[in-house]
Amino acid sequence: MNFWEYLVNRHQQLLTDAYQHASAVFQCMVVATLLGVLIAVAGYRSEWAGNLATTTTATILTVPALALIGLLIPLVGLGVPPTVIALTLYGLLPVVRNAIVGLRGVDPTLVDAATGIGMSRPARLLRVELPLAWPPILTGIRVSTQMLMGIAAIAAYASGPGLGNVIFRGLASLGSANALNQVLAGTLGIIVLALLFDAAYVLIGRLTIPRGIRA
């Protein structure tokens, strides 16, 4: 069958795999964002602490995804656990780096003004510094999401959820009638999901970032 016929016949399974893929990436990005911002908040005031956070998360990103997932299998088993851990770890670097840059870029006079009106440090952080650092943080989230879309496909090696299973099935049966269709469907599905996520982030940016800051 041709590619279109394959999509029509397998659309239900492909939609299920696409939903699982998007769900895994979204949930891991939520966790990575929370952890990344917390790490940045803990270290942005100190040069060595900020460099340590950035270097550590960058080192994690240099580990090949297949190797990391393979190392996690004996520890947490197959399926969702190694997928979640690996994706969360890989999603940290852009968030941590951009959050540190954003927090360090906040105008000190604004922080001093907030201090002058009696704001505590947590209040300054939540009401002044983090809102002003949000644009670069959002950029980091976008970059991380695009990376995780591709890395999530490798999670199929550990029986993880998502479109990687379609790609792996196609690669395992090269030469069969639908092998190329499976690889194409999985790959194009990931590309479409990445574009949809990025469009959503653009919309979030327009809704949450004042026009003056965007300019």
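A crossing of two helices is called right-handed if the near helix is turned clockwise from the far one by less than a right angle. The legends below describe close-up views of a predicted model.

**Close-up 1. Helix α2 passes helix α8 in a right-handed crossing.** The axes of α2 and α8, the latter spanning residues 121-154, come within 8 Å and cross at roughly 140 degrees. Because angles over 145 degrees would count as roughly antiparallel and those from 65 to 115 as roughly perpendicular, α2 and α8 are therefore described as oblique to each other. On the α2 side the contact is made by His21, Val25, Met29, Thr33, Val37 and Val41, while α8 contributes Arg121, Leu125, Leu130, Ile137, Ile141, Ser144, Thr145, Leu148, Met149, Ala152 and Ala153. Sorted by class, the residues of this contact comprise twelve nonpolar, four polar and one charged.

**Close-up 2. Helix α2 packs on helix α6.** Helix α2 (residues 11-43) and helix α6 (residues 92-104) meet at an angle of about 40 degrees, and their axes lie 8 Å apart. That angle makes α2 oblique to α6, and the crossing of the two helices is right-handed. From α2, the contact draws on Met29, Ala32, Thr33, Leu35, Gly36, Val37, Ile39, Ala40, Val41 and Gly43, and from α6 on Leu92, Val95, Val96, Ala99, Ile100, Leu103 and Arg104. The residues of the contact of α2 with α6 divide into 13 nonpolar, three polar and one charged.

**Close-up 3. Thr33 of helix α2 is shown with its surroundings.** Thr33 is listed in the contact of α2 with α6 and also in the contact of α2 with α8. When residues up to four places away in sequence are left aside, Thr33 touches Val95 and Ile141. With a relative accessible area of 17%, Thr33 is buried, because the term applies under 20%.

**Close-up 4. Asp17 of helix α2 forms a salt bridge with Arg169.** The closest N and O atoms of this pair are 3.9 Å apart, which falls within the 4 Å allowed for a salt bridge. Asp17 lies in helix α2 and Arg169 in helix α9, so the pair ties together parts that are 152 residues apart in sequence. Asp17 is buried at 4% relative accessibility, whereas Arg169, with a relative accessible area of 40%, is partly exposed. Apart from residues up to four places away in sequence, Asp17 touches Gly162, Leu163, Val166 and Arg169.

**Close-up 5. Arg142 and Asp198 meet through their side chains in a salt bridge.** The N to O distance in this pair is 2.9 Å, and a search of the whole structure finds two salt bridges. Arg142 lies in helix α8 and Asp198 in helix α10 (residues 179-208), so the pair ties together parts that are 56 residues apart in sequence. Arg142 is partly exposed, with a relative accessible area of 28%, and Asp198 is likewise partly exposed, with a value of 21%.

**Close-up 6. Ser159 has a positive phi although it is not a glycine.** The phi angle of Ser159 is about 60 degrees. Ser159 is placed in the loop between α8 and α9, the latter covering 164-172. At 47% relative accessibility, Ser159 counts as partly exposed, because exposed is reserved for values over 50%.

Notes
Residues are numbered from 1 along each chain as its sequence is written. This is a predicted model: local features need pLDDT of at least 70, side-chain atom pairs count only at pLDDT 80 or more; totals for chains, interfaces and linings use all residues. Side-chain values use heavy atoms; hydrogens and water are left out. Axes are lines fitted to C-alpha atoms, for helices over the stretch in contact, and angles run from 0 to 180 degrees between N-to-C directions. Helices (H or I, at least four residues) and strands (E, at least two) are DSSP runs, numbered from the N terminus. Angles under 35 degrees count as roughly parallel, over 145 as roughly antiparallel, 65 to 115 as roughly perpendicular and the rest as oblique. Contact means heavy atoms within 4.5 Å. Ala, Val, Leu, Ile, Met, Phe, Trp, Tyr, Cys and Pro count as nonpolar, Asp, Glu, Lys and Arg as charged, and the others, Gly among them, as polar. Buried means under 20% relative accessible area, exposed over 50%, partly exposed in between (1.4 Å probe, protein chains only).
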